[in-house]
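Reader: I have a model open on my screen and would like to talk through its backbone, strands and charges. Could you walk me through them?

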Amino acid sequence: MIFKYNVFVALVVVLSIWANIEGRSVSKFLTEETVGTKWAVLVAGSNGWFNYRHQADVCHAYQILKKGGLKDENIIVFMYDDIANNTMNPRPGVIINNPHGQDVYKGVPKDYVGEDVNAENFFNVILANKSGITGGSGKVLNSGPNDHIFIYYTDHGGPGIISMPTGLVYANDLINVLKKKHASGTYSKLVFYLEACESGSMFDGLLPEGLNIYVTTASNPNESSWGTYCQMGAGGPCLVECPPPEFQGVCLGDLYSVAWMEDSEAEDRQTETLNDQYNTVANRTAANLTYGSHVMQYGDTVLSVDVLFQYMGAASVNHSHVSMNSESSSQNVDQRDVELFYLTSKYQDAPEGSDEHFETRVKLIKTIAERSKVDNSVKHIGDLLFGVEKGSEVLQHVRPAGQPLVDNWDCLKSHIETFEVHCGKLSSYGKKHIRGIANICNAGIESEQMASATAQACSS
């Protein structure tokens with residue numbers, strides 16, 4: 001009886017400590033005490049003025065994490081850094097991510113910029129392989145077994161790939177790096193947010209459970225993601241909020257990215273869970289599927305019960321930012337059409353008869369012609385390999401959910417290289433055809449056949 005009484009008293013004391021230490025709630029106390037160091041890797045994988053939104057997204061993400069208490073030594077930033085001081089920037093030295101115009105560029109670490117933004121450095125940073133790093137600050141993910149990692153990547157993509165300013169990140173290589181990171185025992189939990197067209201294809205059928213990795217993607221494996229806060233020319237349409245007039249033709253952010261960041265600022269990150277955010281972002285991103293996409297979850301979805309604080313920290317100020325509701329958005333633009341959107345807007349705004357009007361018209365015609373050329377080249381290759389009646393059907397085939405894009409990734413890499421040798425480098429638009437090249441691999445087409453077909457299709 002005395003033993004039971006003592007156990008009861010001890011239990012009451014423990015609960016009292018949990019409930020009252022420094023006036024904190026039980027959930028807050030447990031959250032603070034069970035998380036090691038919070039780490040983050042932020043990647044904008046593009047360059048060029050019309051890709052403004054990607055670096056704006058990453059800079060905004062940095063500000064959220066910094067205000068949440070993460071230290072610069074634990075935040076690693078990849079961005080080309082050609083936007084803030086670009087001659088096209090109407091606000092030199094400033095980057096904004098929403099129409100309200102708050103600068104998100106100031107203070108952002110320049111860990112990896114220019115040509116140092118590449119797949120090799122990205123992978124070596126994750127694996128804390130400092131000897132494999134070329135250029136940059138040399139900062140890597142020196143995380144420990146109790147630490148939490150947040151990776152956010154925004155860029156152009158395609159089936160099975162995401163882009164870098166030079167080169168590609170292939171899905172199988174990314175998954176292998178994440179597996180190695182898990183095997184090293186140098187993190188407790190890892191959350192990965194990915195913004196790109198067909199971003200679901202980077203994980204679908206590839207990322208196993210049991211790695212303590214939770215992923216959300218801006219789109220499913222078969223659809224584009226979308227830029228937002230865009231306006232086509234002076235007086236052009238905006239469904240809700242236009243960017244400032246000097247940013248006509250430029251998208252300030254990406255729809256999925258803006259959704260998770262504005263939600264992170266509006267909500268209490270010590271109570272909102274990853275699943276809460278997933279639902280909010282999914283609803284906003286898919287509010288108008290004519291101009292939106294399906295946000296997806298992969299990996300260990302059991303981690304979605306974790307509160308955002310465990311990965312992003314908690315804001316040190318009141319939650320005064322208002323998230324746009326799911327029923328409204330600015331004009332959204334398919335990521336693959338953003339360059340066309342920019343050139344069209346610029347052409348419409350240029351004074352008729354001016355050099356700018358003529359030069360932009362030339363660029364616009366060239367861009368449209370290049371898009372048509374890659375479409376025709378891929379179709380011709382399909383016709384040569386499978387016949388006119390079957391070619392398009394084979395190239396456009398979409399595998400069921402849960403199956404990876406391709407069976408042989410080495411084949412895919414080789415066939416893409418062969419295509420680019422004969423037909424030119426795949427643009428952000430042209431990367432949509434990687435599914436067709438993957439299907440060529442899945443059909444068993446050998447390197448010699450692929451080389452012959454691409455040479456013939458693209459010889460003219």
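Reader: Happy to start with the backbone. In this predicted model, where does glutamate 198 lie?
Author: Glad to help with that one. Two strands frame the place of this residue, S7 and strand S8, the latter covering 213–217. Glutamate 198 is in the loop between S7 and S8.

Reader: What is the phi of glutamate 198?
Author: Most residues other than glycine have a negative phi. Glutamate 198 is not a glycine, yet its phi is positive. The value is near 50°.

Reader: Is glutamate 198 buried or exposed?
Author: The cut-off for buried is under 20% relative accessible area. Glutamate 198 has 6% relative accessibility, so it counts as buried.

Reader: Which strand holds tyrosine 229, and what is its relative accessible area?
Author: Tyrosine 229 also has a positive phi, about 55°, although it is not a glycine. This residue lies in strand S9, residues 226–230. Tyrosine 229 is buried, and its relative accessible area is 2%.

Reader: Let's turn to the strands. How many residues of strand S3 are buried?
Author: Strand S3 spans residues 148–154 and is mostly covered. In a regular strand the side chains alternate between the two faces of the sheet. Here His148, Phe150, Tyr152 and Thr154 point one way, Ile149, Ile151 and Tyr153 the other way, and all are buried. The count of buried residues in S3 is seven of seven.

Reader: Which residue of S7 is the bridge partner of isoleucine 149?
Author: S3 is joined to strand S7, residues 189–195, by seven bridges, and the two run parallel. Strand S1, residues 38–44, is also joined to S3 in parallel by seven bridges, with tryptophan 39 standing opposite isoleucine 149. In S7, the partner of isoleucine 149 is leucine 190.

Reader: There is also an open sheet of three strands; which strands are its edges?
Author: The order of this sheet is S4-S5-S6, and its pairing is antiparallel. An edge strand here pairs on one side only. That description fits strand S4 (157–158) and strand S6 (168–170).

Reader: Which residue in S5 stands opposite glycine 157?
Author: S4 pairs with strand S5, residues 161–163, in the antiparallel sense over two bridges. Opposite glycine 157, in S5, stands isoleucine 162.

Reader: Now the charges. How far apart are the closest N and O atoms of aspartate 173 and lysine 413?
Author: Side chains of opposite charge can pair when their charged atoms come close. The cut-off for a salt bridge is a side-chain nitrogen of Lys or Arg within 4 Å of a carboxyl oxygen of Asp or Glu. Aspartate 173 and lysine 413 form such a bridge, with their closest N and O atoms at 2.9 Å.

Reader: How many residues apart are aspartate 173 and lysine 413 along the chain?
Author: Aspartate 173 is partly exposed, with a relative accessible area of 26%, and lysine 413 counts as partly exposed at 22%. The pair links distant parts of the chain: aspartate 173 belongs to helix H5 (residues 171–183) and lysine 413 to helix H12 (residues 409–423). Their separation is 240 residues.

Reader: Which lysine forms a salt bridge with aspartate 306?
Author: Aspartate 306 is buried, with a relative accessible area of 7%. Its salt bridge has its closest N and O atoms 3.1 Å apart. This pair too links distant parts of the chain, 117 residues apart: aspartate 306 sits in the loop between strand S11 (296–299) and helix H8 (309–312), and its partner in strand S7. That partner is lysine 189.

Reader: Which helix holds both lysine 379 and aspartate 383?
Author: The side chains of these two residues meet in a salt bridge, 3.1 Å from N to O. Lysine 379 is partly exposed at 40% relative accessibility, whereas aspartate 383 is buried at 16%. They are four residues apart, about one turn of the helix, and both lie in helix H10.

Reader: Which helix gives the largest share of the negative patch?
Author: The patch on the surface gathers Asp349, Asp355, Glu356 and Glu359. Aspartate 355 counts as exposed at 59% relative accessibility. The largest share, three residues, comes from helix H10.

Key. Residues numbered from 1 in each chain as written. Predicted model: local features only at pLDDT ≥ 70, side-chain atom pairs only at ≥ 80, totals over all residues. Heavy atoms only, no water. Patch = residues over 30% accessible without salt bridge, like charges linked within 9 Å, V, L, I, M, F, W, Y side chains within 5 Å. Areas by Shrake-Rupley, 256 points an atom, 1.4 Å probe, with all protein chains shown as cover. Lys, Arg positive; Asp, Glu negative; His and termini not counted. Charge placed at Lys NZ, Arg CZ, Asp CG, Glu CD. Buried < 20%, exposed > 50% of the residue type's maximum accessible area, 1.4 Å probe, protein only. Pairing = 2+ DSSP bridges.
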